[in-house]
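Work through the exercises below with the sequence and the coordinates open. Each task is followed by a solution in steps.

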Amino acid sequence: MRFDHRHLLGIDPLRPDEIVTLLDLADRYVALGRQREKHATSLAGLTQVNMFFENSTRTQASFELAGKRLGADVMSMSMQASSIKKGETLIDTAMTLNAMHPDLLVVRHPQSGAVDLLAQKVRCAVINAGDGRHEHPTQALLDALTIRRAKGRLHRLTVAICGDIAHSRVARSNILLLHRMENRVRLVAPPTLLPAGIDGFGVEVTHDMREGLKDADVVMMLRLQKERMDGGFIPSEREYYHRYGLDAEKLAHAKEDAIVMHPGPMNRGVEIDGTLADDINRSVIQEQVEMGVAVRMAAMDLLARNLRARPTEVIT
Ligand code: NCD
């Protein structure tokens with residue numbers, strides 16, 4: 001089993017075989033999570049610190065549960081975004097952390113690149129739980145596991161990623177992963193919600209939902225990231241729903257067995273019809289949450305194996 005990384009900061013450094021290794025291990029943790037006794041000992045004796053500089057419900061809970069199921073000492077620190085002043089403060093935080101000797105650090109931060117910076121300053125393994133608009137690797141991995149289990153494979157699929165792509169780290173990590181595993185990726189968004197330089201991503205782009213969803217195996221919806229917008233990106237939510245909101249009529253253009261995904265939290269009636277989101281025959285949104293715990297267990301397990309393989313740093 002090879003996974004030669006000290007940190008998990010993004011999808012970009014991962015090779016296809018490493019992605020497969022992680023997903024195979026996650027499959028085993030899905031099975032464990034469905035048993036009454038859910039404990040393993042892969043992180044026994046290790047300390048995991050979760051630092052969320054941005055609000056989070058499911059990601060933070062998922063990392064906490066993953067660490068506890070693997071026997072780590074888990075501590076969650078909720079950091080107020082308003083108290084960060086970039087640079088110095090983040091480095092001060094790293095110093096404080098080093099003094100506590102954590103083994104695994106899970107970080108979410110509103111600024112792209114902040115987690116990479118922190119990783120350079122701390123002695124432990126770092127997992128990026130979402131940095132600004134940059135990357136959210138465990139989300140893309142849990143989406144990949146959900147797709148692989150629903151479709152039986154993770155290659156040569158047509159995946160439509162729809163909505164607010166410009167502000168989405170979820171989209172970015174998913175594009176990288178799906179492209180690397182040789183899938184056809186289509187982005188569907190109004191011109192205002194597409195990132196600059198999209199041509200280099202190796203994706204197809206359309207502004208029309210019906211065209212974008214045509215024969216898709218997977219329809220991945222994204223939340224309108226209003227907190228990252230400074231106004232003027234969409235005419236109105238009603239108009240947006242009319243053109244880009246996923247409903248049964250638009251979904252009919254995708255393959256008959258296409259699955260519907262959403263990373264959550266959802267704005268029902270803005271990017272997705274509520275009834276469709278709850279339709280267990282089409283929507284795998286609940287499965288995504290379950291896969292999230294298993295993928296985070298697998299990621300922390302693999303990083304911990306690498307940690308244990310290194311000699312302990314003795315600080316004098
Ligand atoms: C995403 C995030 O925070 O990037 N949510 C999540 O991790 N479950 C997507 C979002 O906030 O829309």
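The exercises concern a predicted model and deal with its ligand site, an annotated domain and one helix residue.

**Exercise 1. Determine which residues surround the ligand and how they divide by class.**

Step 1. List the shell: R58, T59, R108, H136, Q139, R169, V170, R223, Q225, P263, G264 and P265 surround the ligand.

Step 2. Sort the shell by class: three residues are nonpolar, five are polar and four are charged.

Step 3. Assign secondary structure. Helices α2 (58–69) and α6 (169–180) each supply at least two residues of this shell.

Step 4. Compare with the record. UniProt, in an unreviewed entry, gives the feature "binding site" at R58, T59, R108, H136, Q139, G264 and P265. Each of these positions appears in the shell of Step 1.

**Exercise 2. Find the polar atom pairs between T59, R223, G264 and the ligand, then state how much of the ligand is covered.**

Step 1. Take the side chains. A polar side-chain atom of R223 is 2.7 Å from a ligand oxygen atom, and for T59 the distance from a polar side-chain atom to a ligand oxygen atom is 3.0 Å.

Step 2. Take the backbone. In G264, a backbone N or O atom lies 3.0 Å from a nitrogen atom of the ligand.

Step 3. Add the area. The ligand taken alone exposes 310 Å², of which the protein buries 94%.

**Exercise 3. Are G264 and P265 buried, partly exposed or exposed?**

Step 1. Locate them. G264 is in the loop between β9 (259–261) and α10 (274–277), and P265 is in the loop between β9 and α10 as well.

Step 2. Classify G264. Its relative accessible area is 19%, so G264 counts as buried, the cut-off being under 20%.

Step 3. Classify P265. With a relative accessible area of 45%, P265 is partly exposed.

Step 4. List the contacts of P265. Apart from residues up to four places away in sequence, P265 touches R58, R223 and E271.

**Exercise 4. Describe the span that UniProt lists for the Asp/Orn-binding domain.**

Step 1. Read the record: the unreviewed entry lists residues 157–302 for "domain: Aspartate/ornithine carbamoyltransferase Asp/Orn-binding".

Step 2. Characterise the span: residues 157–302 are 35% helix and 14% strand, and their end C-alpha atoms lie 27 Å apart.

**Exercise 5. Where is A94, and which residues does it contact?**

Step 1. A94 belongs to helix α3 (residues 88–100).

Step 2. The relative accessible area of A94 is 0%, so A94 is buried.

Step 3. Leaving aside neighbours within four places in sequence, A94 contacts L118, K121 and V122.

Step 4. The C-alpha atoms of A94 and L25 are 30 Å apart, with these positions 69 residues apart along the chain.

Key
Residues are numbered from 1 along each chain as its sequence is written. This is a predicted model: local features need pLDDT of at least 70, side-chain atom pairs count only at pLDDT 80 or more; totals for chains, interfaces and linings use all residues. Side-chain values use heavy atoms; hydrogens and water are left out. UniProt positions are given in the numbering used here, feature names are shortened, and annotations may be inferred rather than shown by experiment. Helices (H or I, at least four residues) and strands (E, at least two) are DSSP runs, numbered from the N terminus. Buried means under 20% relative accessible area, exposed over 50%, partly exposed in between (1.4 Å probe, protein chains only). Contact means heavy atoms within 4.5 Å. A residue is near a molecule or strand if one of its heavy atoms lies within 4 Å of it. A polar contact is a pair of N or O atoms within 3.5 Å; within protein, one must be able to donate a hydrogen and the other to accept it, and residues adjacent in sequence count only if both atoms are side-chain atoms. Accessible areas come from the Shrake-Rupley method with a 1.4 Å probe; for residues, only the protein chains shown count as cover. Ala, Val, Leu, Ile, Met, Phe, Trp, Tyr, Cys and Pro count as nonpolar, Asp, Glu, Lys and Arg as charged, and the others, Gly among them, as polar.
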